[in-house]
Amino acid sequence: MPKTKSSISEPAEGAVRTVHPRPLSPHISRYGWSVTMATSICHRMTGVFLTAGLVMMGWWILAVTSLQEDRFAEFYGFLHSPLGKLLILGWRFSIAFHICNGIRHLIWDIGYGFKPSSARSGSIIVIIASILLTAILYWVTFMRWFPLD
Amino acid sequence: MARKNYQDKSIRSNADLMTHLRNHGSAQHGAGHWLWQRLTSLVLMGLMIWFTFALFEIRDAKQNMIVVWMAQPLNTGLLIATIGLGFVHAVLGMQVVIDDYIHHTSLRWFLRLSLYGVFGFLGLFVVLALLRVSALVTVFQAAQAG
């Protein structure tokens, strides 16, 4: 590759100060994923998904309060279909994650946890806590199906 | 002069008005958006914990039992709060998502207004349905007792 002469690197005629070539910032082509980015986008995605969950909750209330059995059966049929079960799994994780990361946002709003290291460790704590909470929600469900006592 | 034509307290001069008309600068309701997002989040955290436990209680119940459960005053109130505050929180969040990703102005406004419309009407329907069934059950129980 031929070396091109930069006008910046060349000192102007009679210039007192020489201008050294400096690295260009930001390096747009260099872009890597970090945990904080992952939790940030995950907060947004779970939020959008939970909006759909809230619509589902609205449908549930309308189906129950319609006092008609076929409306109720329609809703519960969808809920117990494979798609419905997958959505419920998604909502279990989403509510756990969104609440955990929401607490992190509120801590930021109070004014703590802005250091890069604490932002990173906070992300990891949120991920672990939300997975644990999802597991607990699952465990409680199984406990109802197969009670120990 | 500017205030007379444009009923907005944030606009104090013609320069402010021009800034506003050019879509530059603050729209003057960012702080309210921020605060409502946080206030609703605090209340919703408690409501969601309650709702999770409630769902485990009634998940195997038949429709008429769920109706009776929904008609209890405390449950009706908490459900209305969950739906109402949840919809406010969801609309505020979805609005940010739309504003961030939809750069086409008229499409953005179409989606925003659809969001307000859909969630406004759905919220109204759900709240009215809850109040209706609550009243029906109360009347029914009173008739049985009397």
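## Two helical chains in contact

In this predicted model, helices H4(B) and H6(B) are roughly perpendicular to each other, because angles of 65 to 115 degrees count as such. Their axes cross at roughly 100° and come within 8 Å. In chain B, H4 covers residues 63–71 and H6 covers residues 105–145. From H4(B), the contact uses B:Val67, B:Val68, B:Met70 and B:Ala71, while H6(B) brings B:Leu130, B:Val133, B:Ser134, B:Val137 and B:Thr138. Seven of the residues in this contact are nonpolar, two are polar and none is charged.

### The two chains

With that crossing in view, let us step back to the chains themselves. Chain A has four helices and zero strands, and its pattern along the sequence is α-α-α-α. Chain B has six helices and zero strands, giving the pattern α-α-α-α-α-α. The table sets out some values for each chain.

| Chain | Residues | Buried residues | Contacts (separation of 6 or more) between residues 24 or more positions apart |
|---|---|---|---|
| Chain A | 149 residues | 19% | 66% |
| Chain B | 146 residues | 13% | 61% |

How confident is the predictor about chain A, and what is its average pLDDT? The average is 85, and 76% of the residues of chain A score at least 70. Among the elements of this chain, helix H1 (residues 35–65) has the highest mean pLDDT, at 95. The lowest mean, 88, belongs to helix H4 (residues 116–145) of chain A.

### Where the chains meet

The two chains touch each other through 24 residues of chain B and 22 residues of chain A. On the chain B side, helix H3 (30–58), H4, helix H5 (73–101) and H6 each supply at least two residues. Which of them gives the most? That is H5(B), with eight residues. By type, the chain B side of the contact divides into 18 nonpolar, four polar and two charged residues.

### Following helix H6 of chain B

Helix H6(B), already met at the crossing with H4(B), has 41 residues. From its first C-alpha to its last it reaches 60 Å, close to the 60 Å expected at 1.5 Å a residue. Its buried residues are B:Phe119, B:Gly123, B:Val126, B:Leu130, B:Val133 and B:Ser134. Of these, B:Leu130, B:Val133 and B:Ser134 also take part in the contact with H4(B). The buried residues of H6(B) pack against H4 and H5 of chain B, and against H1 of chain A as well.

### Two buried residues in chain B

A look at single residues adds some detail. B:Thr82 sits in helix H5 of chain B. Is B:Thr82 buried or exposed? It is buried, because 22 other C-beta atoms lie within 10 Å and 20 or more is the mark of a buried residue. Leaving aside residues up to four places away in sequence, B:Thr82 touches B:Leu47 and B:Phe51. B:Glu57 is 25 residues from B:Thr82 along the chain, and their C-alpha atoms are separated by 17 Å.

B:Ser41 belongs to helix H3 of chain B. With 20 C-beta neighbours inside 10 Å, B:Ser41 counts as buried too. Which residues does B:Ser41 touch, not counting residues up to four places away in sequence? They are A:Gly102 and B:His89, so named with their chains A and B. B:Gly123, one of the buried residues of H6(B), is 82 residues from B:Ser41 along the chain, with their C-alpha atoms separated by 18 Å.

### Two residues to find in chain A

A:Ala38 lies in helix H1 of chain A. It counts as exposed because it has 12 C-beta neighbours inside 10 Å, and 12 or fewer makes a residue exposed. Its C-alpha is 9.7 Å from that of A:Ile127, although A:Ala38 and A:Ile127 are 89 residues apart in sequence.

A:Leu67 is in the loop between H1 and helix H2 (69–79) of chain A. This residue is not a glycine, yet it has a positive phi of about 65°. With 14 other C-beta atoms within 10 Å, A:Leu67 is partly exposed.

Definitions and conventions
Residues are numbered from 1 along each chain as its sequence is written. Chains are lettered from A and ligands numbered from 1 in the order in which they are written. This is a predicted model: local features need pLDDT of at least 70, side-chain atom pairs count only at pLDDT 80 or more; totals for chains, interfaces and linings use all residues. Axes are lines fitted to C-alpha atoms, for helices over the stretch in contact, and angles run from 0 to 180 degrees between N-to-C directions. Angles under 35 degrees count as roughly parallel, over 145 as roughly antiparallel, 65 to 115 as roughly perpendicular and the rest as oblique. Two residues are in contact if their C-beta atoms, placed from the backbone, lie within 7 Å. Ala, Val, Leu, Ile, Met, Phe, Trp, Tyr, Cys and Pro count as nonpolar, Asp, Glu, Lys and Arg as charged, and the others, Gly among them, as polar. pLDDT is the predictor's confidence in each residue, from 0 to 100. The expected span of a helix is 1.5 Å times one less than its number of residues.
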